Amino acid sequence: MPVRRPDVIDAAMELLDETGLDELSTRRLAERLGLRVGALYWHVKNKDELLAELADRIVAEALAEPVPAAELADRLAGTASALRRAMLAHRDGARLVAGYAVPSPHALALADRLLGITRAAGIPLPLAATVTDALLSYTTGFVLQEQLRPRHPAPTTTPDLSALPHLAELATTGFPDRDASFHAGTRLITSGLTATSSG
């Protein structure tokens, strides 16, 4: 059965999840598909186009989640959470989306969705564009940090926080978990929007 373009993208996504972005090569992909490297270019023009396709597919997974029927803040936060889940579902998903998703069709559709949610609440388009950019940048950056953390960090000595009273107190009380931190961040962005629009 001949290899089709969707087969190439499927195999590339599997390889990404197994090896990570740095080890994803057209040679490895061709070997997985039983093709010569040159045959891949019948389906994608180059590696950048392949990576853009993968990034677009990740964003499409976020778009497949329904927008919650709720208040403005919850609708925006829910959409951002869907994007976070989609990026976390794939190794180096945030790096891929940050580097290659714009201006892919689904990335544009996601931005348009956020604009639509915001404008439906009576927010002017320029402010809606600002909050959309802030929310997408925050979400991608947050997941990028999550995915760049070592999977098995080397043991380190406990830092001396005696001259850093706020960090020392935080270390004592405990750092919030990643989910709580992410949701708090989206709340700050959306509450800022509400305050700005009503001022």
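This is a tour of a predicted model, one selection at a time.

**Whole chain**

Begin with the entire chain in cartoon view. It has 10 helices and 0 strands, so expect no sheet to colour. Read along the sequence, the pattern is α-α-α-α-α-α-α-α-α-α. The C-alpha trace spans about 60 × 50 × 25 Å along its principal axes. Colour by accessibility next: of the 199 residues, 34% count as buried. If you draw a contact map, take the contacts between residues at least 6 apart in sequence; 73% of these join residues at least 24 apart.

**Residues 2-62**

Select residues 2-62. The UniProt annotation for this range, from an unreviewed entry, reads "domain: HTH tetR-type". In the model the range is 70% helix and 0% strand, and its end C-alpha atoms are 30 Å apart.

Now narrow the selection to residues 25-44, which an unreviewed UniProt entry annotates as "DNA-binding region". Here the chain is 60% helix and 0% strand, with 13 Å between the end C-alpha atoms.

Then pick Arg4, in the segment before α1 (5-19). Arg4 is partly exposed, at a relative accessible area of 46%. Add Leu40 and draw the distance between the two C-alpha atoms: Arg4 and Leu40 are 36 residues apart along the chain, and these atoms are separated by 9.8 Å.

**Arg84 in helix α5**

Move to helix α5 (residues 72-88) and select Arg84. Is Arg84 buried or exposed? Its relative accessible area is 8%, and because the limit for buried is under 20%, Arg84 counts as buried.

Show what surrounds this side chain. Leaving aside neighbours within four places in sequence, the contacts of Arg84 are Thr139, Phe142, Val143, Glu146, Arg178, Asp179 and Phe182. Keep Phe142 and Phe182 on screen, since the next stop uses both.

**The aromatic cluster**

Select Tyr138, Phe142 and Phe182, which ring pairs link into a cluster. A search of the whole structure finds 3 aromatic pairs. One of them joins Tyr138 and Phe142, with 5.7 Å centre to centre and 50 degrees between the planes, a tilted arrangement. These two residues are 4 apart in helix α8, so about one helical turn separates them. Their accessibility values are 23% for Tyr138, which counts as partly exposed, and 8% for Phe142, which counts as buried.

Which arrangement do the rings of Tyr138 and Phe182 adopt? Their centres are 5.5 Å apart and the planes are at 15 degrees, so this pair is stacked. The pair links distant parts of the chain, with Tyr138 in helix α8 and Phe182 in helix α10 (residues 178-198), 44 residues apart. Phe182 is buried, at 0% relative accessibility.

**The largest pocket**

Turn on a surface or pocket display. The largest pocket holds about 240 Å³ of space. Of its 13 lining residues, select the ones closest to the centre: Val97, Ala101, Val102, Ala107 and Leu136. The elements that give two or more residues to the lining are α6 (93-100), α7 (105-120) and α8 (125-148). Which of the elements gives the most? That is α7, with 4 residues. Colour the lining by residue type to see 12 nonpolar residues, 1 polar and no charged.

**Two backbone details**

Most residues other than glycine have a negative phi, and most peptide bonds are trans. The last two selections depart from that pattern, one in each respect.

Stay beside the pocket and select Val102 together with Pro103. The peptide bond from Val102 to Pro103 is cis, with omega near 0 degrees. Val102 is among the residues closest to the pocket centre, while Pro103 lies in the loop between α6 and α7.

Finish at Asp92, in the loop between α5 and α6. Phi of Asp92 is near 60 degrees, a positive value in a residue other than glycine. Asp92 counts as buried, at 13% relative accessibility.

Definitions and conventions
Residues numbered from 1 in each chain as written. Predicted model: local features only at pLDDT ≥ 70, side-chain atom pairs only at ≥ 80, totals over all residues. Heavy atoms only, no water. Buried < 20%, exposed > 50% of the residue type's maximum accessible area, 1.4 Å probe, protein only. Contact = heavy atoms within 4.5 Å. UniProt positions renumbered as here; feature names shortened; annotations may be inferred. 1 Å grid on protein atoms, 1.4 Å probe; cavity = no way out; pocket = protein on both sides within 12 Å on 5 of 7 lines; lining within 4 Å. Points joined across faces, edges and corners; volume = space filled by probe spheres on them. Nonpolar A, V, L, I, M, F, W, Y, C, P; charged D, E, K, R; others polar. Phe/Tyr/Trp six-rings, centres within 6.5 Å; stacked < 30°, edge-to-face > 60°.
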